[in-house]
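User: I would like to go through this model and its ligand site. Short answers, please.

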Amino acid sequence: MSRFDGRVVIITGAGSGIGKTLAEAFTAEGAAVTVLDTNAAAVEETVGGLPGATGRTVDVTDREAVRAAVTTTEARHGRVDVLINNAAVCQDTPFLELTEQQWDAEVDVSLKGAFLCSQAVLPGMIDRGGGSIVNIGSVNGAQFLGNEAYSAAKAGLLSLTRSIAVQYGSSGIRCNTVVPGTIHTPIWDARLAVEPDRLHKLAAWYPLGRVGRPEDIAHAVLFLASDQAGWITGVALPVDGGLLAGNLAMTREVVSE
Ligand SMILES: NC(=O)c1ccc[n+]([C@@H]2O[C@H](COP(=O)([O-])OP(=O)(O)OC[C@H]3O[C@@H](n4cnc5c(N)ncnc54)[C@H](O)[C@@H]3O)[C@@H](O)[C@H]2O)c1
């Protein structure tokens, strides 16, 4: 018996990186996974290797497309047990050059997308008296690390998490956020093309001495989505190699030894 036998799971942005690993991990634990992503080829690639998985090319900022995808999943499986709001975009534009369009695009995918997907699955979860939503945040939502629009959206996601957790807890619905530090995924491709050893350099800032792997995030997401986390809601769980716990290099400057 696996933790997600017979459960129905929707994962946004599951054509790549962490979302793709999540689709594999939920499937391995018995779930019927629905993959949503704007990249049609990536949807095909993720779904192709996963028994029982289905996919749909959906932009999470498109309310009608999101509703149609949720309706189709509910019609096929009878329900949605778990929603993972994982889709995000992030560009390296200096703050004073950030356009309104870039701001809107980054905030819309991470924050409005999570709102629209949550709003689409919640009525069914309320009717059935249970469900779990896990949002994928970022350490950028907790401290300044650049990427202002993306970071603001990730901070907003923490508020959305609490709103859903408190309002729908009495319906048996839990909502939590996993807060990843740096994870080696394709979102880093453009930066690594310019500076191939950037992740190696970043590892030095992490108390645990390495950047993360998609599997590190998947372990935490599956736990929070599972019945094992049945009394956990409204939390933000850093999965960040200790990054948010403190800064040893700075502390050594502060504390004379
Ligand atoms: N990789 C990291 O270092 C890191 C760190 C902290 C948080 N995160 C978070 O983890 C999550 C996954 O990131 P990743 O590194 O796997 O990124 P990724 O770029 O590898 O994957 C993101 C996926 O989202 C899809 N997507 C983009 N816009 C979409 C939209 N409008 N609708 C549907 N799908 C859309 C993309 O096509 C892509 O397949 C994101 O929420 C990201 O903010 C990543």
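User: What is the handedness of the crossing of α1 and α8?

Analyst: The model is predicted, so local features need pLDDT of at least 70 and side-chain atom pairs pLDDT 80 or more, while totals for chains, interfaces and linings use all residues. Residues count from 1 along each chain as its sequence is written, and side-chain values use heavy atoms, without hydrogens or water. Helix α8 spans residues 214-225, and its axis comes within 9 Å of that of α1. A crossing is left-handed if the near helix is turned anticlockwise from the far one by less than a right angle, and right-handed if clockwise; for α1 and α8 it is right-handed.

User: At roughly what angle do the axes of α4 and α5 cross?

Analyst: Helix α4 covers residues 100-128, and its axis comes within 8 Å of the α5 axis. α4 passes α5 in a right-handed crossing. The axes cross at roughly 15 degrees.

User: Which oxygen or nitrogen of the ligand lies 2.6 Å from a polar side-chain atom of Asp-37?

Analyst: Asp-37 is among the closest of the 28 residues that surround the ligand (a heavy atom within 4 Å). Its polar side-chain atom pairs with a ligand oxygen atom.

User: How much of the ligand's exposed area does the protein bury?

Analyst: A backbone N or O atom of Asn-86 lies 2.7 Å from an oxygen atom of the ligand. Taken alone, the ligand exposes 840 Å² (Shrake-Rupley, 1.4 Å probe). The protein buries 91% of that.

User: Which elements give two or more residues to the shell around the ligand?

Analyst: The shell divides into 14 nonpolar, 11 polar and 3 charged residues. Helices here are DSSP runs (H or I, at least four residues), numbered from the N terminus. The elements asked for are α1 (17-28) and α5 (148-168).

Terms used:
Polar contact = N/O pair within 3.5 Å; in protein donor to acceptor, adjacent residues only side chain to side chain. Nonpolar A, V, L, I, M, F, W, Y, C, P; charged D, E, K, R; others polar. Axes fitted to C-alpha atoms, helices over the stretch in contact; angles between N-to-C directions.
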